[in-house]
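Here's a quick tour for anyone meeting this structure for the first time. Have a look at it, then read on for the main points.

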Amino acid sequence: MSGPADRPRRLRQSPAVRRLVAETRLHPAELVLPVFVREGIEAAVAIAAMPGVRQHTLDTLVAEARACVADGLGGIMIFGVPQAKDERGSGADDPDGILNVAISRVRAAVGEDLVVMADLCLDEFTDHGHCGVLDAAGRVDNDATLERYAAMALAQARAGAHVLGLSGMMDGQVGAVRAALDQAGFTDTILLAYAAKYTSALYGPFREAVASSLVGDRATYQQDPGNAREAIRELGLDLAEGADLVMVKPAGTHLDVIAEVAARSSVPVAAYQISGEYAMIVAAAERGWIDRERAMLDSLTHIRRAGAQIILSYFAREAARVLATTGRAHVPG
Ligand code: PBG
């Protein structure tokens, strides 16, 4: 009898064998849930473009954080939606601002059972919707923005955040924030640098989630999606400035960048499966065109395989629950 001598299918013959040889597994501890907390609402508000995701009140946010602990997640990333916005984003470093109050409420509820992360960026707080402050000509002023970020970092550290997520893509932001924190004695506050953050149409649903007032785009500070080499430059700067963790975003459309960054980074690599990535899967599944659970687990597996050790995803709790109840789901397919 003739046939191929080498038979890769031998290792695909049963679930038990496939589980044994799987190179990539998912675990709840490496998943982080991004959440939104909105000032001035009496009850949680649904986000139309992100079915299943809500803008929380402080109370429902605390309940969500406790649920993350129960589901065994690694962390929670908090975004604030203030009632009033102004040109300098004053609410961002106000200790009574919604994000800082939310950080302290969540931290008081979860203690050390969950890593509490806060978005460190001005776009939710500025009336023009940009991630920084503007100069007289209306351009995003890099160095003036760094001063605002330093003030925000101190407010978030004082509120009890374990990790600050620097998502603004200003040059020098990691160094500026590290220096401000160290000077104030917050040497243990961890910095998660969005080393490679690309412009993307897939941020659309997030803009609804944070009631963004942005007109125009972020092309002068976020990266052009066609550029891979630039990510290496950004990574080098963030590591040199003291980043403890680095992130690539969006995730599913930038798997090559994740792989490149993972190969070169000396610190753990995270990736953010963004709002539009979530919305596409949920929308297609709602129409019955794809299987929600499989698409969810597949998408997270792809990001993990590319080299991200930590994944921020709106599916984090749902995925953790599936992983806990079905052994099969550790190895999708
Ligand atoms: C900036 C920020 C954004 C997201 C996370 N941090 C918006 C943007 O860059 O336009 C988007 C996340 C998502 O789409 O899920 N503060």
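Is Met 169 buried or exposed? Met 169 is buried, with a relative accessible area of 5%; buried means under 20% relative accessible area, exposed over 50%, and partly exposed in between, using a 1.4 Å probe and protein chains only. Before going further, note that this is a predicted model, where local features need pLDDT of at least 70, side-chain atom pairs count only at pLDDT 80 or more, and totals for chains, interfaces and linings use all residues. Residues are numbered from 1 along each chain as its sequence is written, and side-chain values use heavy atoms, with hydrogens and water left out.

**Overall build**

- The protein has 11 helices and 10 strands; these are DSSP runs numbered from the N terminus, with helices being H or I of at least four residues and strands E of at least two.
- Its radius of gyration is 20 Å, close to the 20 Å that the globule rule gives for 333 residues, so the protein is as compact as a globular protein of that length. The radius is taken over C-alpha atoms, and the rule is 2.2 Å times the number of residues to the power 0.38.
- Measured out along the principal axes, the C-alpha atoms fill a box of roughly 80 × 45 × 40 Å.
- Of the 333 residues, 51% count as buried.**Around strand 6**

- Strand 6 (residues 163–166) is covered on both faces: Val 163 and Gly 165 are buried on one side, Leu 164 and Leu 166 on the other. As a rule, side chains in a regular strand alternate between the two faces of the sheet.
- Strand 5 (residues 115–120) runs parallel to strand 6, and 4 bridges join them; two strands pair if DSSP finds at least two bridges between them. Ala 118 has Leu 164 in strand 6 as its bridge partner.
- Strand 5, helix 4 (residues 142–159) and strand 6 form a right-handed β-α-β unit. Right-handed says that, with the strands pointing away from the viewer, the path from the first strand over the helix to the second runs clockwise.
- Strand 6 also pairs with strand 7 (residues 190–197), again in the parallel sense, over 4 bridges. Here Val 163 has Ile 190 in strand 7 as its bridge partner.
- From strand 6 the chain crosses through helix 5 (residues 173–183) to strand 7, in a right-handed β-α-β crossover.

**Unusual backbone spots**

- Most residues other than glycine have a negative phi, and most peptide bonds are trans.
- Met 169 has a positive phi, near 60°, and is not a glycine. This residue sits in the loop between strand 6 and helix 5.
- Ala 211 is another non-glycine residue with a positive phi, about 50°. Look for Ala 211 in the loop between helix 6 (204–209) and helix 7 (229–241), where it counts as partly exposed at 43% relative accessibility.
- Lys 249 and Pro 250 are joined by a cis peptide bond, with omega about -5°. Pro 250 belongs to the loop between strand 8 (245–249) and helix 8 (255–264).

**Salt bridges**

- Side chains of opposite charge can pair when their charged atoms come close.
- The structure holds 13 salt bridges; each is a side-chain nitrogen of Lys or Arg within 4 Å of a carboxyl oxygen of Asp or Glu.
- One of them joins Arg 105 and Asp 59, whose closest N and O atoms are 2.8 Å apart. This pair links distant parts of the chain, with Arg 105 in helix 3 and Asp 59 in helix 2 (residues 58–70), 46 residues apart. Arg 105 is partly exposed at 34% relative accessible area, while Asp 59 is exposed at 53%.
- Another pairs Arg 317 with Glu 64 (3.3 Å, N to O). Arg 317 lies in helix 11 (residues 316–325) and Glu 64 in helix 2, so the pair ties together parts that are 253 residues apart in sequence. Both Arg 317 and Glu 64 are buried.
- Arg 292 and Glu 318 meet in a salt bridge too (2.7 Å, N to O). Arg 292 is in helix 10 (residues 292–306) and Glu 318 in helix 11, 26 residues apart.
- Glu 64, Asp 71, Arg 317 and Arg 321 are linked in a network of salt bridges.

**On the surface**

- Leu 11, Leu 20 and Val 21 make a nonpolar surface patch of about 300 Å². Patch residues have over 30% relative accessible area and no salt bridge; like charges are joined within 9 Å, and nonpolar side chains (Val, Leu, Ile, Met, Phe, Trp, Tyr) within 5 Å. Accessible areas come from the Shrake-Rupley method with a 1.4 Å probe, and for residues only the protein chains shown count as cover.
- Leu 20 is in helix 1 (residues 15–21) and is exposed, with a relative accessible area of 68%.
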